[in-house]
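The following paragraphs lead through the strands, their pairing and the exposure of selected residues. Please keep the sequence and the model in view while reading.

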Amino acid sequence: MVGRPSIDPLRLARVLEPKVSRRREGVVERKYYRFRAARWYGGIVTGDVVGCNLRCVYCWGSRVRGADAPNSRFYSPEAAFKVMDRIARRRGLRLMRLSGAEPTIAWEHTRELIRIACEEGYTFVLETNGILLGVDKGMVRDVASIEGVVVRVSIKAATPETFEILTLAPKEYFWVQLNALRSMVEEGMEPGEDFYPAVMLSFNTDEEIRWLMERLAEIHPALPEEIDPEYVILYPHVVKSLKAHGVKPRRAFTPDNVPVEMI
Ligand code: SF4
């Protein structure tokens, strides 16, 4: 594998925030490019946002992680909720999430959307790369104070070295992701109930994965049991990106959900 860190995720978040969000009459609006019902979690209403502070080489949404995307426009938390609520009622769904890019950028917007959704009785799955949660205890306290939110922190690799190759961010940020989990434990959130780690397992050896389990167990003994495994999906643009970065997965799935062992 080849690859060098070329981004600073905290700086990138700061640069992106004014481009993917704006304040109108005291309300923070975020840029969305789509709303839909998705099959994950047994059915979940999804708002797809623009802008992410990592540059994962296996990202399926690489076309929307910058500051713009075709057909994107700004929504207030209330306007986004209305669209999502309409889809939920039509499809009989009780779960909501933001996807596409990183929802913790423009946190004031997302916090308000989560609050509205949870007050209306929905469960909100906050899918995040955890970088901003890992450096901002206030954000973790916000999440811990809302009933009905479940945080899914997507750990991008099983080791700091692989994290650096896969995300193009310095390996120190691997530990920031783990710190997000630690902060949630410290804020009294329950692993498996209030939050859990998802881990990209496509690129590491079994030994490296065991090493990560030990690090997770140091944070909370229940965490290794709560892992949601993630594997790269070989969409044509993902395959192209992996090749361009000289990165080869060990295990992957085709877009039709067929497992592929590559080594
Ligand atoms: S964190 Fe997610 S959205 Fe962001 S670059 Fe990585 S895979 Fe893509």
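Tyr32 of strand E2 has Val49 as its bridge partner in strand E3. Strands are DSSP runs of E with at least two residues, helices are runs of H or I with at least four, and both are numbered from the N terminus; two strands count as paired if DSSP finds at least two bridges between them. The model is predicted, so that local features need pLDDT of at least 70 and side-chain atom pairs count only at pLDDT 80 or more, while totals for chains, interfaces and linings use all residues. Residues are numbered from 1 along each chain as its sequence is written, and side-chain values use heavy atoms, with hydrogens and water left out.

Strand E2 and strand E3 (residues 44-49) run antiparallel and are joined by 6 bridges. The two form a hairpin with 5 residues between them, and Tyr41 in the turn has a positive phi of about 60°. Tyr32 also has a bridge partner in E4, namely Arg73. E4 (residues 73-75) is antiparallel to E2, with 3 bridges between them.

Strand E2 (residues 27-38) further pairs with strand E1 (residues 21-24), in the antiparallel sense and through 4 bridges. One of these contacts links Ser21 to Arg30 in E2. E1 and E2 form a hairpin with 2 residues between them, where Glu25 in the turn has a positive phi of about 50°.

Strand E7 (residues 149-155) is largely enclosed by the rest of the structure, because 7 of its 7 residues are buried; buried means under 20% relative accessible area, exposed over 50%, and partly exposed in between (1.4 Å probe, protein chains only). Val149, Val151, Val153 and Ile155 lie on one side of E7, and Val150, Arg152 and Ser154 on the other. E7 runs parallel to strand E6 (residues 123-128), to which 5 bridges join it, and Val150 is the bridge partner of Val125. Strand E8 (residues 195-200) is likewise parallel to E7 and joined to it by 5 bridges; here Val151 stands opposite Phe195.

A further sheet is open and mixed in its pairing, with 3 strands in the order E10-E11-E12. Strands E10 (232-233) and E12 (259-261) stand at its edges with a single partner strand each, so one side of each is left without a neighbour in the sheet. E11 (residues 251-253) and E12 pair in the antiparallel sense over 3 bridges, and Phe253 has Pro259 in E12 as its bridge partner.

Outside these strands, Arg86 belongs to helix H2 (residues 77-91). Arg86 counts as exposed because its relative accessibility is 52%.
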